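Q: Could you take me on a close look at one part of this model, the second largest pocket, and then show me the elements around it? I'd enjoy one connected walk-through.

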Amino acid sequence: MSEEVLVVRCGLVPYDEAAAAQRWLCDARQEGEIPDVLLLLEHPPVFTRGRRSTDAELPMAAEWYAMQGIEVRDTDRGGRVTYHGPGQLVAYPIVDLRPYDDDVHEYVRRLERVAISALGEHGVEAGPIEGLTGVWTAGERPGSAAGAGEARKIGSIGVHVSRGVTTHGLAVNVNNDLRPFEWVVPCGIEGCQVTSLSRELGAEQDLGAFAAAVAERFSDVFGRAPAETPPEALGLDSARLGVP
């Protein structure tokens, strides 16, 4: 079992390039060529559809979303529709689950703890809600007619596992535009209120500092020593991850 996790900060990366990089890293991890990896990045505006998504979650035509400057992509992760955009931190762990008893549900719970701890460190109380995916601010259950008192979604989780190695992962709204969430049914939850770290705190936040908190909390929760690693050290050149 490796004691390291390679933490790779990738900047703003098109979704398709990040997906290709994850597949390459997953293959390398399955072959034991690299240790666990944590990619930290942002995406240009994109809606992604998980394996459980339905057409009703994207009520407008794809052409309409394209006119708003937002791509639509299908993906092999679990979950439903979500949005990624600049100012949102996306964390893609490429992790061998064997040291964690190949327990996918426990892996997802650990990802929740990573997000909850990082948010708490930045002054926002958050947690899971039974039966709903993702990470939510404190409040009444969504759909309870509590209005402003309802919990708001601040983090999304969707994973894929191939031969015991994970791809996809976690996204936390930090400074991103929240309007695109109003144009879909986020995560298949009608009436879901979405928020961000900056909205909760009333001021723009340092995305780099939040990324550092996520890397540190990930290392704690998964029992790994973080090793900051430049993308080129893993062969993630411009053909794979938009690296200059």
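A: Sorted by class, the residues lining the second largest pocket come out as 3 nonpolar, 7 polar and 5 charged. Do keep in mind as we go that this is a predicted model. The lining has 15 residues, and the ones nearest the centre of the pocket are Ala 19, Arg 23, Asp 76, Thr 167 and His 168. The space inside the second largest pocket is about 200 Å³.

Now to where the lining comes from. Helix 1 (15-30), strand 9 and strand 10 are elements that each provide at least two lining residues. Helix 1 is the biggest giver, contributing 8 residues.

The two strands are worth following further. Strand 9 (residues 153-162) and strand 10 (residues 165-173) run antiparallel and are joined by 8 bridges. One of the pairings sets Ser 162 opposite Val 165 in strand 10. As a general reminder, strands of a sheet pair through backbone hydrogen bonds, in either a parallel or an antiparallel sense.

Stepping back, there is an open sheet of 8 strands with mixed pairing, and its order is 7-8-9-10-6-2-1-11. Its edges are strand 7 (126-129) and strand 11 (225-228); each has a single partner strand, so one side of each has no neighbour in the sheet. From one strand to the next, the twist averages 25 degrees. Helix 3 (residues 104-121) lies across several strands, namely strand 6 (88-94), strand 7, strand 8 (132-137), strand 9 and strand 10. Relative to strand 9, helix 3 runs at about 150 degrees. Strand 9 and strand 10 therefore turn up twice in our tour: both supply residues to the pocket lining, and both are among the strands that helix 3 lies across.

To round off the tour, let's visit another sheet. This one is open, with 3 strands in the order 4-3-5 and mixed pairing. Strand 4 (71-74) and strand 5 (81-84) are its edge strands, each pairing on one side only. Its neighbouring strands are turned against each other by 25 degrees on average, direction ignored. Strand 3 (residues 46-49) pairs with strand 5 in the antiparallel sense over 4 bridges, and here Phe 47 has Tyr 83 of strand 5 as its bridge partner.

Note on methods
Residues numbered from 1 in each chain as written. Predicted model: local features only at pLDDT ≥ 70, side-chain atom pairs only at ≥ 80, totals over all residues. Heavy atoms only, no water. Pairing = 2+ DSSP bridges. Axes fitted to C-alpha atoms, helices over the stretch in contact; angles between N-to-C directions. Contact = heavy atoms within 4.5 Å. 1 Å grid on protein atoms, 1.4 Å probe; cavity = no way out; pocket = protein on both sides within 12 Å on 5 of 7 lines; lining within 4 Å. Points joined across faces, edges and corners; volume = space filled by probe spheres on them. Nonpolar A, V, L, I, M, F, W, Y, C, P; charged D, E, K, R; others polar.
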